[in-house]
There are 2 protein chains.
Amino acid sequence: MKLIKTIAEMQQFSKAAAHHRQKIGVVPTMGFLHEGHMSLIDRAHNLADVVIVTIFVNPTQFGPNEDLAKYPRDFDQDWSLCEKRGVDAVFAPSPEEMYFPDRSAWVIEEKLSQGLCGQSRPAHFRGVTTVVAKLFNATLPDVAIFGQKDAQQAMIIKRMARDLNFPVEIVVAPIVREADGLAMSSRNKYLSADERIRALSISAAMRDAHARIKAEGGKISGIAEQIAAKITASGGRVDYVEVRDADSLEPASAATRCLLIAAAAYFGPTRLIDNILINLD
Amino acid sequence: MKLIKTIAEMQQFSKAAAHHRQKIGVVPTMGFLHEGHMSLIDRAHNLADVVIVTIFVNPTQFGPNEDLAKYPRDFDQDWSLCEKRGVDAVFAPSPEEMYFPDRSAWVIEEKLSQGLCGQSRPAHFRGVTTVVAKLFNATLPDVAIFGQKDAQQAMIIKRMARDLNFPVEIVVAPIVREADGLAMSSRNKYLSADERIRALSISAAMRDAHARIKAEGGKISGIAEQIAAKITASGGRVDYVEVRDADSLEPASAATRCLLIAAAAYFGPTRLIDNILINLD
C-alpha cells in the first residue's frame, strides 16, 4: 500500500493507473475509520481495479465554533485498517498541501445545501464541495463512494459532479449501524457512556416512524414532531428533524415516492446526524 | 477534424487520446474566431499532440443587460478556420447540454474577480470559472491556452486551476492586434467605421503610457487619469482604467516589478477591453 502526501504525486499515480486502463475508485474520508468506511472501501473494490482512500480532516468544512481541533485522528490505526482491506493507496495530504494561504477559488452549491445541516452549519457544504472537487482532481477517479449517513452531503456531491461535469460516477452506500442501531460515526467517540445510550433515541425514533408511515399508508403529518419529541425526551437537543423528498430534497409532498427523514441532535456537546429512506411504492 | 457535441463523447475522445499517451491541449472560445484565437491554437499545437477547440457562447457569463443574444456567431467560418489550423476536434455543445435547468453548483473566485471587469460585470467571472471548470472536465486537457487580452480572466483561471487542483497547465498567450493597434476581439464586429477609429484611442493611450513610464523610470502617478482622458477625448465612455501589479492584481505599489495597465471603455453600445504589461526591471 502506497502512502501519498502530495497532489502532484497523487495525480501521477492515478494517471499511471489510467494508462494501464485500470479503473480507479476513491473513498474520501476524514480518517478515524470505522466499519462504515470499510463498507465504502469494499464497495470501491467491487467497482474499481485500484482503490484510493483519502484521509484529510478538511479545515474549510468546520465552522469557527466547531470541533476541528479535537476531531479524532489516528493515522496508524487508519493505515492498518486500509492495509487489511486491500487499499492500494492512501492519500493523506497536509492542510498546507491542500490550501494556499491566499486561496480564493471555491466550489459552491446553492440549492440542496440550504436547510437541514446547511442551516446550522452555514459554511460547511462550501468546504465540502471545494475539498471534494480538489480530491477528485488529485485522485482522478472513475468512481467515488460516499456514505448515505451524510445524506445531504451525498446529494450535494452528486449535484456538483453533474453540474461541473466531473468524469466521476458517484455511488452512495447504505448507513452502517452498531448492533444497537446507532449510526456509525467518528464523532461517536465523543459520547460518554450515558450519552451513548441516550443517543439511541434518534435511530429508535426513526425506526418507529418508518413502521408508523408504512402502517398508515404513507401518512407523514406529525412524524417529524414525534421523532423530535422522542429525542428531546431522551435528553437530546434537537437541531432539526425533517421529512423530505429523497430525490429532490424538497419538503415531502403528495408526489413523493421516496421519503428521506433526516435528523440532527446534540447529546452533550456532540452533534450527531442520522437519516432513513422510506420507499412509498 | 471531429465535431463533438456531447460531454460524454468529449470525455471519451480525450480519455482515448490519454490512453495513447497523447498530450491534450484545449483552446476554450466563444467562437467567431479571429487571428487572436488562431495564435492560441498555434500555441496549443506547440504544447500538445491533440488540439481541441471549444466553441460555446456561455450564457452564464453574460449579465441580464449584456449582449448574449446578439453575440456574433458564425459556426461555418469557425469550423473552416479550425480545419485550416489543424485542429483535431471541435467541442460545440448546446446550452442545454451544458446547463441543466436546475443547475445549482458553481465555481467562484472571490479575490481576483473583485474590481476591474468584476465591478461592472458582477456575475461575469462566476460564469467564466464555472464554464471553464466544466470545459476542463469535458475535454480533460493537459494544457489550456487563454489570451492575455482578457488579463483578469486569465489570472482568475490560473487561480482556479491552482486552488481546485485541476491537472491542467494554464498558458497565457500575448494579445494579437490589428495593424493599427486595436486588440482583436469578436466584439470589434459591433463597431461602426467611426467607432472603430475612435476606439484606437485605447491602445494608443496605452502605448503612450508605456513610453512615458519607461522614460520616467517607472513613475505611474497620473497615468490612469491620462489614459482615461485620452479615451474620453476620442468619444469613448470609460468604464475603468487601472494600474495594477501584474502578479497579484493588487493596485501597483513600490514593490511592483511588472505593471498591468487595464482599461475598459464603451464606444457606442460596445464595451471593449485592452491591457498592457510593463516590465519595470
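How many bridges pair S9(A) with S10(A), and in which sense do the two strands run? Keep that in mind while we get our bearings. What you're looking at is a predicted model, and we'll start in chain A.

The answer is 10 bridges, in the antiparallel sense. To see one of them, find Ala263(A) and look across to Asp274(A), its bridge partner in S10(A). Now follow the chain from S9(A) into S10(A): the two strands form a hairpin with two residues between them, and Gly268(A) in that turn has a positive phi of about 65 degrees. S9(A) also pairs with strand S8 of chain A, residues 237-245, again in the antiparallel sense, this time over eight bridges. A good spot to check this is Val243(A), which stands opposite Ile261(A) in S9(A). Is S9(A) largely enclosed or largely open? Eight of its 10 residues are buried, so the strand is largely enclosed by the rest of the structure.

Next, swing over to helix H9 of chain A, residues 200-215. Its 16 residues reach 23 Å from the first C-alpha to the last, which is close to the 22 Å expected at 1.5 Å a residue. Several residues of this helix are buried, among them Ile202(A), Ala205(A), Met206(A) and Ala209(A). And what covers them? The cover includes helix H8 (193-198) and helix H10 (223-233), along with our two hairpin strands, S9 (258-267) and S10 (270-279), of chain A. After H9(A) comes Gly217(A), whose phi is positive, near 65 degrees.

Time to zoom out a little. Chain A is divided into domain 1 (2-173) and domain 2 (186-279). The C-alpha centres of these two domains lie 26 Å apart. Where they touch, domain 1 of chain A gives 12 residues and domain 2 of chain A gives 11. On the domain 1 side, helix H5 (117-120) and H7 of chain A are the elements that give two or more residues. That side has eight nonpolar residues, four polar ones and no charged ones.

Now for the contact between the chains, which takes 30 residues from chain A and 30 residues from chain B. Helix H1 (7-19), strand S5 (105-109), helix H6 (124-139) and helix H7 (151-163) of chain A each supply at least two residues of chain A's side. By class, that side has 15 nonpolar, six polar and nine charged residues. Look for the place where a strand from each chain meets: S5(A) and S5(B), residues 105-109 of chain B, pair in the antiparallel sense over five bridges. Here Glu109(A) stands opposite Ala105(B).

Finally, step across into chain B. Six of its strands form an open sheet with parallel pairing, in the order S1-S4-S3-S2-S6-S7. At the edges sit S1 (2-4) and S7 (169-173) of chain B, each pairing on one side only. Neighbouring strands are turned by 25 degrees against each other on average, direction ignored. Start at the S1 edge: three bridges join S1(B) to S4(B), residues 89-91, and Ile4(B) stands opposite Phe91(B). Helices pack here too. H6(B), residues 124-139, touches S2, S3, S4 and S6 of chain B, and its direction makes about 145 degrees with that of S2(B). H7(B), residues 151-163, lies across S6 and S7 of chain B, running at about 170 degrees to S7(B).

Notes: Residues numbered from 1 in each chain as written. Chains lettered and ligands numbered in written order. Predicted model: local features only at pLDDT ≥ 70, side-chain atom pairs only at ≥ 80, totals over all residues. Contact = placed C-beta atoms within 7 Å. Helix = DSSP H or I, 4+ residues; strand = E, 2+ residues; numbered from the N terminus. Nonpolar A, V, L, I, M, F, W, Y, C, P; charged D, E, K, R; others polar. Pairing = 2+ DSSP bridges. Domains from an automatic or database assignment. Axes fitted to C-alpha atoms, helices over the stretch in contact; angles between N-to-C directions. Expected span 1.5 Å × (residues − 1). Buried ≥ 20, exposed ≤ 12 C-beta atoms within 10 Å, placed from the backbone.
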